[in-house]
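Reader: I would like a close look at one part of this model. Start from a single residue and work outward to whatever surrounds it.

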Amino acid sequence: MNKGFWSSAKKIVFILCLFCMAGAEPCLHAQTPKIEGGVATLVQARQALSKAVGTDSFSLWLDSYALALPLGDALTLYGEFIP
């Protein structure tokens, strides 16, 4: 086989992957909870998550708050809420 075939096949696979990711992106955003006003501090995240403990969407809320915090605070938050 020549090199031209494989390079064009790789391009086609790459383009198909981009289309699949673009199609899945709205679904991912629909599942992620919205944080009103953003989370400024670890204390605010703790307070909000303590109200959501035990709900089906707790893991989504935990991830959302952790992503809104600096890395050190996010690790602390995970350490407190993940058994």
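Which is Pro70, buried, partly exposed or exposed, and what is its relative accessible area?

Author: A caution comes first: this is a predicted model. Pro70 is partly exposed, with a relative accessible area of 48%. The exposed class begins over 50% and the buried class lies under 20%, so a value of 48% falls in between. Pro70 sits in the loop between helix 3 and helix 4. From its C-alpha to that of Leu42 is 9.0 Å, across 28 residues of sequence.

Now the setting. The protein has four helices and zero strands. In sequence order the pattern is α-α-α-α. There are 83 residues, and 18% of them count as buried. Take the contacts with a separation of 6 or more: 58% of them join residues 24 or more positions apart.

Next, the two helices that the loop of Pro70 joins. A pair of packed helices is described by the angle between the axes and the distance between them. The axes of helix 3 and helix 4 come within 9 Å and cross at roughly 155°. Helix 3 and helix 4 are therefore roughly antiparallel to each other, because the angle is over 145 degrees. On the helix 3 side, the contact uses Phe58, Leu62, Asp63, Tyr65 and Ala66. Helix 4 answers with Ala74, Leu77, Tyr78 and Phe81. By class, that contact holds eight nonpolar residues, no polar ones and one charged.

Stay with helix 4. Its residues Ala74, Leu77 and Phe81 are buried. Viewed down the axis, the buried residues of helix 4 fall within an arc of 60°, so they line one face. In an α-helix there are 3.6 residues a turn, so residues three or four places apart point the same way. The buried residues of helix 4 pack against helix 2 and helix 3. Leu71, Leu75 and Gly79 are on the other side of helix 4, and they are exposed.

Helix 2 is built along similar lines. Leu42, the residue paired with Pro70 above, is buried in helix 2, and so are Ala45, Leu49 and Ala52. Down the axis of helix 2, the buried residues fall within an arc of 80°, so here too they line one face of the helix. They pack against helix 3 and helix 4. Just after helix 2, Gly54 takes a positive phi of about 90°.

Leu49 deserves its own look. It lies in helix 2. Its relative accessibility is 0%, so it counts as buried. Neighbours within four places in sequence aside, Leu49 touches Phe58, Trp61, Leu62, Tyr65, Leu77 and Phe81. Take Leu77 from that list: it is 28 residues from Leu49 along the chain, and the C-alpha atoms of the two are separated by 9.5 Å.

These parts meet in the nonpolar core. The largest such core has 12 residues. They are Leu42, Ala45, Leu49, Ala52, Phe58, Leu62, Tyr65, Ala66, Leu69, Ala74, Leu77 and Phe81. Helix 2 (42–52), helix 3 (58–68) and helix 4 (71–81) each supply at least two residues of this core.

So back to the start. Pro70 is partly exposed, in the loop between helix 3 and helix 4. The two helices it links are roughly antiparallel. Leu42, 9.0 Å from Pro70 between C-alpha atoms, is one of the 12 residues of the largest nonpolar core.

Conventions: Residues numbered from 1 in each chain as written. Predicted model: local features only at pLDDT ≥ 70, side-chain atom pairs only at ≥ 80, totals over all residues. Heavy atoms only, no water. Core = buried A, V, L, I, M, F, W, Y, C linked by side-chain atoms within 4.5 Å. Buried < 20%, exposed > 50% of the residue type's maximum accessible area, 1.4 Å probe, protein only. Contact = heavy atoms within 4.5 Å. Axes fitted to C-alpha atoms, helices over the stretch in contact; angles between N-to-C directions. Parallel < 35°, antiparallel > 145°, perpendicular 65-115°, else oblique. Nonpolar A, V, L, I, M, F, W, Y, C, P; charged D, E, K, R; others polar. Arc of directions from axis to C-beta.
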